[in-house]
Amino acid sequence: MSIHKEGDLTYADVTPRSVYFNRRQILRAMGIVGAAAIGGRVVSHLVSPETVALAGAKLNVTVKSPFSTTEKPNTFDDVTHYNNFYEFGTDKGDPAKYAKNFRTSPWTLTVEGEVKKPAQYSIEDIVKLAPLEERIYRHRCVEGWSMVVPWIGYSLSTLIKLSEPTEKARFVAFQSLYDPSQMPLAGRAGIDFPYVEGLRLDEAMNALTLLCVGMYGESLPNQDGAPVRLVVPWKYGFKSIKSIVKIRCVKGEPPTTWSRYAPTEYGFYSNVNPYVDHPRWSQATERRLGEILKRKTLMFNGYSDQVASLYAGMDLKKYY
Amino acid sequence: MRDFFRKLLVSKWSKVAVFLFCLLPLGYLGLRAYQGEVTANPVEYIQHFTGDWTLRLLLITLSVTPLRKLLSLPNLIRFRRMLGLFAFSYACLHFLTYIGPDQSFSLSGMWKDVVKRPFVTVGFLGFVLLIPLALTSTKGWIRRLGGKRWQALHRLIYVTALCGVVHYYWLVKSDHRLPLLYGAILAALLLYRLVDSLLKPRPAVSVSPAS
């Protein structure tokens, strides 16, 4: 019986690193080339990288949410070409350009910390975990613009409950993926990565807080935070963290990216509040994308009925 | 080569060329708007675009004097007034996007904003200080004020450029590369003047009006 010793293998026997990492893409490309050659199929798929196979996939939405606004949603084009996603550049047009080849599959989302049942989910698990709802929310950016987006997902509470937070859990910390090799412009942003965010546990469990996997009937485009993001409609947009890899229940208030960067400008709560201005600009008005003149900003972005009670007795000027 | 360049500088066509150069950004903006390529937030896009070009033209205007001396091309002075007036024109467009879409042409609303927010205050100050410079940019006003006084008045452009850089720096959230770059260029241009005035105490320079 002959046994290969380790020494018998040379580097030539090892799959090159780049091929190994791109094996799925390479296999798929080979398959598509084959299919195209045989059947003369639509060649447009050739230019679509692996990620596009996921982004843009139709989602089976079964629930129309009572939380939806009747306001007219912005166009898909607006919502996919005017993005703040600093990992992919600080210009609003950058994410659409530089997140094109962002790999969102395979993807693992970890739920851990002060929970009885820590868990790991693939993005396929996440999409199937609960019936998908369409929720048309107003979205207000701290910079003074806003839009209306038909998001798809389900309440974050559904996911958190599965892990059974312990008595000690008071806050939830979130973390985005940070992969410098896929995010070459991140170094210019001026803020630290990975991007982290946080909510109080009761905020996280509020029915409005959406674990979002899609919009406009499809899975999330890369530049909008694929494959899974948060949408917290009564808070400024930067609280709605994108491309989440980790959700951690914790005892104390977790650090958040923007308040760590400029604590006097961005607080942990960051509720939309027309009466508390950003130190450098007013928050009393906002420009809805597609409109010329500004409109008045609503308290809690118009979601007071659902969330005002969370802050009863709190000085929102102090806890901005 | 140099002689050719000097001749080119005094030809009347060179002024036409600089005039057209200054119109290029506006033409580009018009083209983008026509093609619908001004993002989902056109007001902001136009506001930032005109603000950028105000600052760039201010810096170009401020480069004229150092370049004249460093390159021994005194005739560059012919373009300074035009460059300055174009900087003012872009500043006017920039201001229009603010007073119009942002403030719905409400003077009281604008005033509240100017008083309350340092970022708006410096921008507004920089703009206001440009107005007397634009008004007194003619030969007649140089004569009326006298060269020395005219020159002293027009040093206000240093303040305006500084206001512009600070205004930009305070606008940006965290990516400060561009405002810092403009700031560095402005610092170099002002430092040149400081060193120049310290090195050679000269008799009063007579201002050569742009022809």
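These legends go with a set of close-up views of a predicted model with chains A and B.

**View 1. Chain B as a whole, built from helices.**
Chain B has 10 helices and zero strands, so there isn't much suspense in reading its elements from the N terminus on: α-α-α-α-α-α-α-α-α-α. Its C-alpha atoms fill a box of roughly 50 × 40 × 35 Å along the principal axes. A compact globule of 211 residues would have a radius of gyration near 17 Å, and chain B, at 18 Å, agrees with that. Of those 211 residues, 25% count as buried. Among contacts in chain B with a separation of 6 or more, 68% join residues 24 or more positions apart.

**View 2. Helix 3 against helix 4 in chain B.**
Helix 3 of chain B covers residues 42-70, and its axis sits 8 Å from that of helix 4 of chain B, at an angle of about 155°. The pair is therefore roughly antiparallel. Helix 3 of chain B passes helix 4 of chain B in a left-handed crossing. From helix 3 of chain B, the contact takes in Val43(B), Ile46(B), Gln47(B), Thr50(B), Gly51(B), Trp53(B), Thr54(B), Leu57(B), Leu58(B), Ile60(B), Thr61(B) and Val64(B). Helix 4 of chain B answers with residues including Arg80(B), Leu83(B), Phe86(B), Tyr90(B), His94(B), Tyr98(B) and Pro101(B). Sorted by type, the residues of this contact come out as 15 nonpolar, eight polar and one charged.

**View 3. Helix 4 meets helix 6 in chain B.**
Stay with helix 4 of chain B (residues 80-102) and look at its contact with helix 6 of chain B: the two axes come within 10 Å and cross at roughly 140°. That angle makes helix 4 of chain B oblique to helix 6 of chain B. The crossing of these two helices is left-handed. On the helix 4 side of chain B you'll find Gly84(B), Leu85(B), Phe88(B), Ala91(B) and Phe95(B), which meet Phe127(B), Leu130(B), Leu133(B) and Ala134(B) in helix 6 of chain B. The split here is eight nonpolar, one polar and no charged. Gly84(B) and Ala91(B) may look familiar, as both also take part in the contact with helix 3 of chain B.

**View 4. Helix 6 alongside helix 9 in chain B.**
Helix 6 (residues 118-135) and helix 9 (residues 156-171) of chain B pack with their axes 8 Å apart, at an angle of about 155°. The two are therefore roughly antiparallel to each other, and their crossing is left-handed. Helix 6 of chain B brings Pro118(B), Phe119(B), Val122(B), Gly123(B), Leu125(B), Gly126(B), Leu129(B), Leu130(B) and Leu133(B) to the contact. Across from them, helix 9 of chain B supplies Leu156(B), Ile157(B), Val159(B), Thr160(B), Cys163(B), Gly164(B), Val166(B), His167(B), Trp170(B) and Leu171(B). By type, that's 14 nonpolar, five polar and no charged. Leu130(B) and Leu133(B) turn up here and also in the contact with helix 4 of chain B.

**View 5. Phe21(B) in helix 2 of chain B.**
Phe21(B) belongs to helix 2 of chain B, which spans residues 12-34. It has 14 C-beta neighbours inside 10 Å, so it counts as partly exposed. Phe79(B) is 58 residues away along the chain, and the C-alpha atoms of Phe21(B) and Phe79(B) are separated by 12 Å.

**View 6. Where chain B touches chain A.**
Here 15 residues of chain B are in contact with 21 residues of chain A. The chain B side is an even mix: five nonpolar, five polar and five charged. As for the partner, chain A comes to 10 helices and 13 strands. Of its 320 residues, 40% count as buried. In chain A, residues 24 or more positions apart make up 71% of the contacts with a separation of 6 or more.

**View 7. Ile191(A) and its contacts.**
Ile191(A) is in the loop between strand 6 (171-176) and strand 7 (196-200) of chain A. With 18 other C-beta atoms within 10 Å, it is partly exposed. Leaving out residues up to four places away in sequence, Ile191(A) touches Tyr86(A), Thr257(A) and Tyr261(A), and it also touches Ser174(B) over in chain B. Ala57(A) lies 134 residues from Ile191(A) along the chain, with 32 Å between their C-alpha atoms.

Methods
Residues are numbered from 1 along each chain as its sequence is written. Chains are lettered from A and ligands numbered from 1 in the order in which they are written. This is a predicted model: local features need pLDDT of at least 70, side-chain atom pairs count only at pLDDT 80 or more; totals for chains, interfaces and linings use all residues. Helices (H or I, at least four residues) and strands (E, at least two) are DSSP runs, numbered from the N terminus. The radius of gyration is taken over C-alpha atoms; the globule rule is 2.2 Å times the number of residues to the power 0.38. A residue is buried if 20 or more other C-beta atoms lie within 10 Å of its own, exposed if 12 or fewer, and partly exposed in between; C-beta atoms are placed from the backbone. Two residues are in contact if their C-beta atoms, placed from the backbone, lie within 7 Å. Ala, Val, Leu, Ile, Met, Phe, Trp, Tyr, Cys and Pro count as nonpolar, Asp, Glu, Lys and Arg as charged, and the others, Gly among them, as polar. Axes are lines fitted to C-alpha atoms, for helices over the stretch in contact, and angles run from 0 to 180 degrees between N-to-C directions. Angles under 35 degrees count as roughly parallel, over 145 as roughly antiparallel, 65 to 115 as roughly perpendicular and the rest as oblique. A crossing is left-handed if the near helix is turned anticlockwise from the far one by less than a right angle, and right-handed if clockwise.
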